[in-house]
Amino acid sequence: MKMNLFSRKWVIVLLHALAWILLFSLPFILRPSLNDSSNKPDAGPGMLFYIVNNSLWIGFFYLNALLLIPLLLYKKNYTAFGLSHLMLFAIFLVTGWLNRIWLTNQHIINWRVHFLFTFFIFLFLLAASTAYQMSRDRMKADKHAKEKENENLKTELSLLRSQVSPHFMFNVLNNMVALARKQSDQLEPSLIKLSSLMRYMLYDTDGDRVSLEKEIDYLQSYIDLQRQRFGKNISIETNFKEIDGTYEIEPMLLIPFVENAFKHGTGFIEEARIDILLRVKNKSLHFEVINRYTENTEEIKDKTSGIGLTNVKRRLNLLYGNRHSLLINKNNGWFTTSLQLNLH
């Protein structure tokens, strides 16, 4: 909110105006005594000279910042940049002298004092305007780079998510083919579940986040379809009950772990078993998938099953950074994937 406020043009103009008023009011504010008549601000012509002269200095500040630096300094035309400032300094020497004659009627001037006074003000405003413009341009460049980085991340995330969906659909459609060949009565309810899954994938995943409840329903529907496919050939246990509160999560983030379990945990595996646990407590999500596996079939299945896990690892790093922990372990014929997320 603050960044949006200070980026508005009228706020920037107001801040600049206040800064100049404060700067040129300092000689009056810092006077040692306001009661001493000799220290009172000059009235009439003296004040007019002060206003005109300071207006010229303000013009020099913005001339250097907005014109000379972008056109000469940034283009490494240092000779023209230096000569232009020498010419401007000479102009300020002359205009300062003429303003005293015309506005204050002072025909006698101490040129040594006038030269030093003009030189130090010129040098101060030159340094200030150069620092101001360079800082301003640097912030713009950083902002542009950040926006470009965010856009690239969004593009990459969309690509990663789109790569998950076809992989998932390929597996589910294989399930439908298997049920159709068996002429199973479960084909119709399975198609209804598939329709629900496709609706979720097409409409509910357009945003950056979805409710965790919808993501769990999506997982449960996928597991039900797989349970119908394998029947008694595999033992599947799920626990999605320990959830306190309402949370949101990146769409299609958890399904690759479940897909991987069915890909590696089925087939020529004795006593095939898959356990899936999901619980959320104190804004911390713990998701664990355990399945049996054999080394004999792992190498063949990795040709297609690695796509989902590779993508989800990249998505986790992009989206959650150090707010997530992913552990993958193989031990004694069991493949365990354990994910912890810090949810907002």
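These legends walk through several close-up views of one predicted protein model. In this predicted model, local features need pLDDT of at least 70 and side-chain atom pairs count only at pLDDT 80 or more, while totals for chains, interfaces and linings use all residues. Residues are numbered from 1 along each chain as its sequence is written, and side-chain values use heavy atoms, with hydrogens and water left out.

**View 1. The protein chain has nine helices and seven strands.** Helices (H or I, at least four residues) and strands (E, at least two) are DSSP runs, numbered from the N terminus. The chain runs to 344 residues, and 35% of them count as buried; that label means under 20% relative accessible area, with exposed being over 50% and partly exposed in between (1.4 Å probe, protein chains only). Take the contacts (heavy atoms within 4.5 Å) between residues at least 6 apart in sequence: 72% of these join residues at least 24 apart.

**View 2. Here is helix 6, residues 187-204.** Helix 6 has 18 residues and spans 25 Å from first C-alpha to last, close to the 26 Å expected at 1.5 Å a residue (the expected span is 1.5 Å times one less than the number of residues). Its buried residues are S190, L194, L197, Y200 and M201. These sit on the same side of helix 6, because they cover an arc of only 115° around the axis (the arc is that of the directions from the helix axis to the C-beta atoms). As background, an α-helix has 3.6 residues a turn, so residues three or four places apart point the same way. On the face turned away from the buried side of helix 6, look for the exposed residues E188, I192, L202 and Y203.

**View 3. Now for helix 7, residues 212-230.** Helix 7 has 19 residues and reaches 27 Å from its first C-alpha to its last, close to the expected 27 Å. Its buried residues include L212, I216, L219, I223 and F230, and also the charged pair E215 and D224. Right after helix 7 comes G231, with a positive phi near 60°.

**View 4. Helix 6 packs against helix 7.** The angle between them is about 145°, and their axes are 10 Å apart; axes are lines fitted to C-alpha atoms, for helices over the stretch in contact, and angles run from 0 to 180 degrees between N-to-C directions. The crossing is left-handed, meaning that the near helix is turned anticlockwise from the far one by less than a right angle. From helix 6, S190, K193, L197, Y200, M201 and D204 take part, meeting helix 7 residues that include K214, E215, Y218 and Q228. Sorted by type, the contact residues are six nonpolar, three polar and five charged (Ala, Val, Leu, Ile, Met, Phe, Trp, Tyr, Cys and Pro count as nonpolar, Asp, Glu, Lys and Arg as charged, and the others, Gly among them, as polar).

**View 5. Two loop residues, E271 and K283, have positive phi values.** Most residues other than glycine have a negative phi. E271 lies in the loop between helix 8 (255-264) and strand 4 (273-281), with phi near 50°. E271 is exposed, at 64% relative accessible area. K283 sits in the loop between strand 4 and strand 5 (284-292), and its phi is near 65°. K283 counts as partly exposed, at 47%.

**View 6. S325 is in strand 6, residues 324-331.** S325 is partly exposed, with a relative accessible area of 30%. Leaving out residues up to four places away in sequence, S325 touches S338, L339 and Q340. S325 and L339 are 14 residues apart in sequence and 5.7 Å apart in space, C-alpha to C-alpha.
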